[in-house]
Amino acid sequence: MDNVTGSASGDLFVAEDGGSMDICVITPDGVVAPFLRIEGQSGSEITGPAFSPDGRRLYFSSQRGTSGSSSGGITYEVTGPFRA
């Protein structure tokens, strides 16, 4: 596992390499739960999760998007609120 970012609440958001294109959340209490899954991009991987400075938006990218090509990357924005 790599591609980890933390929120103001202490939650860790972990992007899994390959597999099912998930971002999971790990709480300060050690609870692990799925946060989101990207469908239709099995030839890609999620990279670079990061929060905006105000903590209200989470950004991440799919390296190869739906095309599976290195030129097909997609960046996503997820709007909170997230746990405080």
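# Why we call it that: strands, burial and a pocket

Tutor: Let's start with β2 and β3, which pair in the antiparallel sense over four bridges.

Student: What makes that a pair?

Tutor: Two strands pair if DSSP finds at least two bridges between them. With four bridges, β2 and β3 meet that bar. A strand here is a DSSP run of E with at least two residues, a helix is a run of H or I with at least four, and both are numbered from the N terminus. One word on where this comes from: it's a predicted model, where local features need pLDDT of at least 70 and side-chain atom pairs count only at pLDDT 80 or more, while totals for chains, interfaces and linings use all residues. Residues are numbered from 1 along each chain as its sequence is written, and side-chain values use heavy atoms, with hydrogens and water left out.

Student: Which residue in β3 stands opposite Val14?

Tutor: Cys24 does.

Student: Why are β1 and β4 called edge strands?

Tutor: The sheet they belong to is open, with four strands in the order β1-β2-β3-β4 and antiparallel pairing. β1 (4-6) and β4 (32-37) each have a single partner strand, so one side of each has no neighbour in the sheet. On average, neighbouring strands here are turned by 25 degrees against each other, direction ignored. Axes are lines fitted to C-alpha atoms (for helices, over the stretch in contact), and angles run from 0 to 180 degrees between N-to-C directions.

Student: How many bridges hold each edge strand to its partner?

Tutor: β1 is joined to strand β2 (residues 12-15) by three bridges. Five bridges join strand β3 (residues 22-26) to β4. Both pairs run antiparallel. Along the β3 and β4 pair, Asp22 has Arg37 as its bridge partner, and Ile23 has Leu36.

Student: What is found between the strands of the two hairpins?

Tutor: Five residues separate β1 from β2, and Gly10 in that turn has a positive phi of about 95 degrees. The hairpin of β3 and β4 also has five residues between the strands, and Gly30 there takes a positive phi near 90 degrees.

Student: Where does a residue other than glycine have a positive phi?

Tutor: At Met21, with phi near 55 degrees. Met21 is found in the loop between β2 and β3.

Student: Why is Met21 called buried?

Tutor: Buried means under 20% relative accessible area, exposed means over 50%, and partly exposed is in between (1.4 Å probe, protein chains only). Met21 has 2%, so it counts as buried.

Student: How do you know which class Thr5, Ile38 and Gly73 belong to?

Tutor: Same cut-offs. Thr5 is at 14%, so it is buried. Ile38, at 12%, is buried too. Gly73 has 46%, which lies between the two limits, so it is partly exposed.

Student: What makes a residue a contact of Thr5?

Tutor: Contact means heavy atoms within 4.5 Å. Leaving aside neighbours within four places in sequence, Thr5 is in contact with Asp11, Leu12, Phe13, Pro49, Ala50, Phe51 and Leu58. Thr5 lies in strand β1, and its bridge partner in β2 is Phe13.

Student: Which residues does Ile38 touch?

Tutor: With residues up to four places away in sequence not counted, Ile38 touches Ser20, Met21, Ile46, Phe60 and Tyr76. Ile38 sits in the loop between β4 and β5. Its C-alpha is 7.7 Å from that of Ser20, 18 residues apart along the chain.

Student: What is the order of the three-strand sheet?

Tutor: β5-β6-β7, open and antiparallel. Its edge strands are β5 (46-51) and β7 (74-79), each pairing on one side only. β5 and strand β6 (residues 57-62) pair over four bridges, and Thr47 stands opposite Ser61 in β6.

Student: Why is the space beside Ser7 called a pocket?

Tutor: On a 1 Å grid over the protein atoms alone, a pocket is an open set of points with protein on both sides within 12 Å along at least five of seven lines; a cavity is a set where a 1.4 Å probe fits but cannot get out. Lining residues have an atom within 4 Å of a point, and those of the largest pocket include Ser7, Phe51, Asp54, Arg56, Pro81 and Arg83.

Student: What is the make-up of that lining by class?

Tutor: Five nonpolar, four polar and three charged residues. Ala, Val, Leu, Ile, Met, Phe, Trp, Tyr, Cys and Pro count as nonpolar, Asp, Glu, Lys and Arg as charged, and the others, Gly among them, as polar.
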